[in-house]
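Work through the exercises below with the sequence and the 3D structure at hand. Each task is followed by a solution in steps.

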Amino acid sequence: MTIQPLLSVRHLTTEFQLPNHQVARALENVSFDVRPGQTLGLVGESGCGKTTTLMSVMRLLPASGRITEGNIYFKGTDLLTLNEREMRAFRWKEIAIIFQGSMNALNPVIKVGDQISEAILLHNQMEREAAEQRVGELLELVGIQRLRRNQYPFQYSGGMRQRAMIAMALACSPALLFADEPTTALDVMIQAQVLELLKQIQRNLGLTIVLVTHDLGVIAEMCDEVVVMYGGKVTEYGPADLIYNQPQHPYTQRLLKAFPDLNRATEASDSAGQDLVTIPGSPPRLNALPPGCRFNPRCQESMEICTQVAPDLVDMAAPGSEARHLAACHLLKGMEIEDL
Amino acid sequence: MNESWVLFKRNLRNFWRIFSHNKLGMLGAFLVFTAIFVAVFAPLLTPYAPTDIIRDANGRGMTFAPPSVHGPLGTDDAGRDIWSQLVYGARISLTVGFLAGFMAMFVGSLFGIMAGYFSGRVDNVLMRITDVLLVIPDLPLMLILVATLRQMDLRISPLSVLIVVIGLLYWTSTARLIRSQVLTIKERQFVDRARAFGAGHRYIIRKHILPQIMPLIVANTVLILSTAILIESGLAFLGLGDPTKPSWGTMLNFAFDRNAVTNGAWWFYLPPGLAIVWVTLGCVLLGNVLEELLNPRLTEHHLEGDQNMIAIKRKGTQ
């Protein structure tokens, strides 16, 4: 806890203007820390605000989106106070992002190598030849032959494209890497390869990663800490093993039950062969959020208070433990927290 | 630099290989390039200057003479050679058409890219301007504009007035076409990625948007050229051309004024009319085929890519 976090998001609230003059609150009061060298996982169903969180931090929201409240501290400076020019210099140099779906993030009519050098040339006043050298190194780092820099994206396989995206993300040696569902649309073998590559790069370069996924297996394998989001709010936040083995929030518990888990099945015999349980219903519409706890319409343990008052995050960690395990549910009686 | 030149040559060769098999495209190119050739080498192709009066043995001007050895296409009411006028007229018609066409294309592309890329308020303002221009009947508007601009005595040549008026009014369809294309491209994720790179608007437009809509611009330019030439002919026929520099439209205007039809002087009005058809047909054919070939969704990227790959392999083994 003594280490200064690399990225601190505090009370982040992001709203989208809908065409019919309604406002959709995509994020509300989202706070979390990312400590240097660690991997933070953002989990949740589709539409719960994972990607919006990343885009808010990068300040790349579409024109209809607006950050209405909160602070985003990166190495001590509040990114929301930077002007557009400073922000442009900041992007990719400090925080790079691997987009959802590598297929679309590559321009189909530009050679892959040129797309990687784009980032280098935009930021560093590096000579073209030096940049070329760097492109070769980056490609080799992610296991692509140098020769293939002159090929177009369609000549790459899906896994190669994703690796090329990783190379691109590393082009300016960023301190923080956002990986937005880096393994979706890839087959299981390639998923494993890509994750292994990310881990390896993190080890070698001391990179900090924020990993967005809805794959709990990936979280278990990769992350140090996890933020579980639901309907634009943080429902549970803590060390990955605690969240995985002692989930506190009913949503997290049900999310884990809905997911096949090989490790747990073999380790604990009583849960082996357990049926998967789905969560009925779907995430709330952001312009018509239920009153009280956002999960209450789908929650089996819903009480009367749940439909009236939104629960605050409380600390559920064992007394005296250094790590915090936060969850927001009326069922939980934990320590109140002040600084988050 | 050298490498990109090699690549450019290869792309050009590939393009030619596909293009040369397209009969309509070749016909279009033939029509357009013969017209340009004739315009460029006008003095070499004409026996007389367009203003020379051909006289018979008695020194009288040969008026309304049918095609003969004296003039391949006969003479007009003042005894001037039609063929020479036609050939020199190509210079005027093509110059006005090309300059006005390029101007329209430039304005249209600029408006289209701006409106599509910046959307929101910019889009609204630009597209409302476009709508206004689109709903005003253009022929009367141009007649009024050309006439008033001439009267204002701005010391610009009448032809320049024509070029500017056509160029500034005929970009609307282009602007809408390009805007819609830009709208789809800017939503692609590689544009988001470029923004995440820290790229500015100008960079994104230059590097990611422009190359993708360039084929559209090129093909549309050729099509706009034909419209510009037609419009110029129309305006000149209505008497808004420069009488001292007759274009094909001006020739038609003369023929009409001087009763060529009632005199049965078909050689006076048919050649300029056919010349206009020649060039516009050529432009339309060429434009359509270019559009088809340059459309990124229809090109043989795979073929070209394979060749690149072979080239890379060769380089690697050496």
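**Exercise 1.** In which strand of chain A does Glu225(A) lie? Decide also whether Glu225(A) is buried or exposed.

Solution. The model used here is predicted. Step one: Glu225(A) belongs to strand β9 of chain A, residues 225–230. Step two: count the other C-beta atoms within 10 Å of Glu225(A), which gives 23. Step three: a residue is buried if that count is 20 or more, so Glu225(A) is buried. Step four: leaving out residues up to four places away in sequence, Glu225(A) touches Gln38(A), Leu40(A), Gly238(A), Pro239(A) and Ala240(A).

**Exercise 2.** Check whether the span of helix α4 of chain B agrees or disagrees with its number of residues.

Solution. Step one: α4(B) covers residues 82–118, which is 37 residues. Step two: the expected span is 1.5 Å times one less than the number of residues, so α4(B) should span 54 Å. Step three: the end C-alpha atoms are 52 Å apart, which agrees. Step four: look along the helix for a kink; one of about 25° is centred on Gly89(B). Step five: of the 37 residues in α4(B), 26 are buried. Just after the helix, Ser119(B) has a positive phi of about 35°.

**Exercise 3.** Which residues touch the most other members of the largest nonpolar core?

Solution. Step one: this core has 165 residues, and Ile97(A), Val210(A) and Leu162(B) touch the most other members. Step two: helix α10 of chain B, residues 201–240, gives the most to the core, with 18 residues. Step three: beyond its neighbours within four places in sequence, Leu162(B) has contacts including Val96(B), Val146(B) and Leu235(B).

Technical notes. Residues are numbered from 1 along each chain as its sequence is written. Chains are lettered from A and ligands numbered from 1 in the order in which they are written. This is a predicted model: local features need pLDDT of at least 70, side-chain atom pairs count only at pLDDT 80 or more; totals for chains, interfaces and linings use all residues. A nonpolar core is a set of buried Ala, Val, Leu, Ile, Met, Phe, Trp, Tyr and Cys residues joined through C-beta atoms within 7 Å. A residue is buried if 20 or more other C-beta atoms lie within 10 Å of its own, exposed if 12 or fewer, and partly exposed in between; C-beta atoms are placed from the backbone. Helices (H or I, at least four residues) and strands (E, at least two) are DSSP runs, numbered from the N terminus. Two residues are in contact if their C-beta atoms, placed from the backbone, lie within 7 Å. The bend at a residue is the angle between axes fitted to the seven residues ending there and the seven starting there.
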